Amino acid sequence: MGEFELIGRLFRPLAEITRQEGVLLGPGDDCAIQRVPAGHDLVFSVDTLVEGVHFPGQYDPARLGWRALAVAVSDLAAMGADPVCYTLALTLPDADEAWVAALVSGLREASLAFGVALAGGDITRGPLTLTLQVHGVVPEGQGILRSGARPGDLVAVTGPLGGAAAALEWLDDPQPPSSVSPLLDCYHRPVPKIDTGRRLRGVASAAIDISDGLAADLGHILEASGVGAWLEAAAIPRRYGIAEASLEQALYGGDDYQLCVTLPSPALPMLPGDVSKSLHVIGEIRSAEGLYLQHPDGARELLTTGTGYDHFKTE
Ligand SMILES: [Mg+2]
């Protein structure tokens with residue numbers, strides 16, 4: 001048995017602990033088998049995280065495990081899907097058992113928190129990279145797309161923005177002030193908005209999770225829907241306890257993993273109290289193209305939507 005097969009054994013308890021009824025067959029065969037309940041659609045997505053690109057070098061492996069799964073599941077939340085299972089392709093520079101055990105502990109915590117089971121995986125040698133494919137289900141035809149926003153719809157987000165960007169300057173600080181710990185949590189332990197996404201099925205006209213910044217991600221909705229929007233600067237939530245992200249960080253910072261949704265305004269008061277309370281209305285969809293920001297002094301600014309993270313951008 002090779003060293004990587006031995007490492008693979010560390011994942012087996014994870015698959016057992018997180019077993020889900022939708023997974024008929026987990027790791028150990030040529031493929032896993034998932035049963036999609038009658039009247040449901042399978043929703044799936046793949047995400048790759050590369051060391052030094054998507055997470056810092058020497059990043060804590062337990063935090064990496066949580067973050068990798070949270071980020072992947074966040075895409076399911078954005079579709080209004082219920083998470084079911086995931087596969088993990090792990091590329092490691094060496095077979096460091098302690099490091100992998102810590103990674104598994106982070107994955108385990110996140111798997112249990114989000115109700116998503118490890119269904120299979122693969123380990124190879126190379127530069128540290130994690131690829132996660134997540135599978136979820138939605139009732140037939142109810143996946144929330146980016147393309148459904150209509151003029152007059154409200155634009156809302158599920159929580160404060162810019163926290164992960166504001167945390168960046170504290171990542172290397174061994175003793176950051178306690179006031180910034182909500183910012184650091186936002187970076188290290190993002191929580192996908194699964195329940196809100198699920199409860200917005202049939203209500204939200206469009207949704208996206210904010211991974212690349214509000215302007216860029218809302219920009220994707222506007223483009224897919226063929227509409228524009230205006231936002232009210234003062235309405236964009238960015239407080240984390242006593243810490244606050246800047247407007248710039250809230251608009252252009254990535255890694256927040258809140259949802260940005262659009263919904264017809266009559267739908268808002270019809271939502272259950274806890275769902276409507278979790279939505280912060282920040283603007284409105286307009287038929288004229290362009291994303292505009294209204295400042296408290298009345299000034300109107302045209303935002304650039306293309307400033308989100310782009311791996312292939314050349315300066
Ligand atoms: Mg996404």
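Strands here are DSSP runs of E with at least two residues, numbered from the N terminus, so β5 is a label you can trace by counting along the chain. Keep in mind as you click around that this is a predicted model.

**Stop one: the second largest pocket**

Start by selecting Pro27, Gly28, Gly120, Gly121 and Asp122, the residues that lie nearest the centre of the second largest pocket. The lining has 26 residues, and the volume is about 590 Å³. Now colour by secondary structure. Which element gives the most to the lining of this second largest pocket? That is β5, with six residues. To see β5 whole, select 117-125. Then add α1 (3-9), β2 (33-34) and β4 (82-92); each of these elements, like β5, supplies at least two residues of the lining. If you switch to colouring by residue class, the lining of the second largest pocket breaks down into 13 nonpolar, eight polar and five charged residues.

**Stop two: a nonpolar patch**

Next, show the surface and pick Leu24, Leu25 and Ile33. Together these three make a nonpolar surface patch of about 240 Å². Leu25 sits in strand β1, which covers residues 23-25. Is Leu25 buried, partly exposed or exposed? Its relative accessibility is 31%, and the partly exposed class runs between 20% and 50%, so Leu25 counts as partly exposed.

**Stop three: salt bridges around Asp82**

Side chains of opposite charge can pair when their charged atoms come close. Over the whole structure, a search finds nine salt bridges. For a good place to look, select Asp82 and Arg198, whose side chains meet in a salt bridge at 2.4 Å, N to O. This pair links distant parts of the chain: Asp82 belongs to strand β4 and Arg198 to helix α7 (residues 194-199), with their positions 116 residues apart in the numbering.

Keep Asp82 on screen and add Arg201. These two also form a salt bridge, with the closest N and O atoms 3.4 Å apart. Here too, distant parts of the chain are linked, as Arg201 is in the loop between α7 and β8 (206-209) and lies 119 residues from Asp82 in strand β4.

How is each of these side chains placed relative to the surface? Asp82 counts as buried because its relative accessibility, 19%, is under 20%. Arg201 is buried as well, at 18%. Arg198, with a relative accessible area of 29%, is partly exposed.

Now move to Asp195, the partner of Arg198 in another salt bridge, at 3.0 Å, N to O. Both residues lie in helix α7, three residues apart, about one turn of the helix. Asp195 is partly exposed, with 38% relative accessibility. To see the wider picture, select Asp82, Asp195, Arg198, Arg199, Arg201 and Asp274 together: they are linked in a network of salt bridges.

**Stop four: two positive phi values**

Most residues other than glycine have a negative phi. For an example of the opposite sign, select Gln58, which has a positive phi of about 60°. Gln58 is in the loop between β3 (40-50) and α3 (61-79), and counts as exposed at 79% relative accessibility.

Finish at Asp255, where phi is near 65°, again a positive value in a residue other than glycine. Asp255 is found in the loop between α9 (247-252) and β12 (259-263). Its relative accessibility is 23%, which makes Asp255 partly exposed.

Methods: Residues numbered from 1 in each chain as written. Predicted model: local features only at pLDDT ≥ 70, side-chain atom pairs only at ≥ 80, totals over all residues. Heavy atoms only, no water. 1 Å grid on protein atoms, 1.4 Å probe; cavity = no way out; pocket = protein on both sides within 12 Å on 5 of 7 lines; lining within 4 Å. Points joined across faces, edges and corners; volume = space filled by probe spheres on them. Helix = DSSP H or I, 4+ residues; strand = E, 2+ residues; numbered from the N terminus. Nonpolar A, V, L, I, M, F, W, Y, C, P; charged D, E, K, R; others polar. Patch = residues over 30% accessible without salt bridge, like charges linked within 9 Å, V, L, I, M, F, W, Y side chains within 5 Å. Areas by Shrake-Rupley, 256 points an atom, 1.4 Å probe, with all protein chains shown as cover. Salt bridge = Lys/Arg side-chain N within 4 Å of Asp/Glu carboxyl O. Buried < 20%, exposed > 50% of the residue type's maximum accessible area, 1.4 Å probe, protein only.
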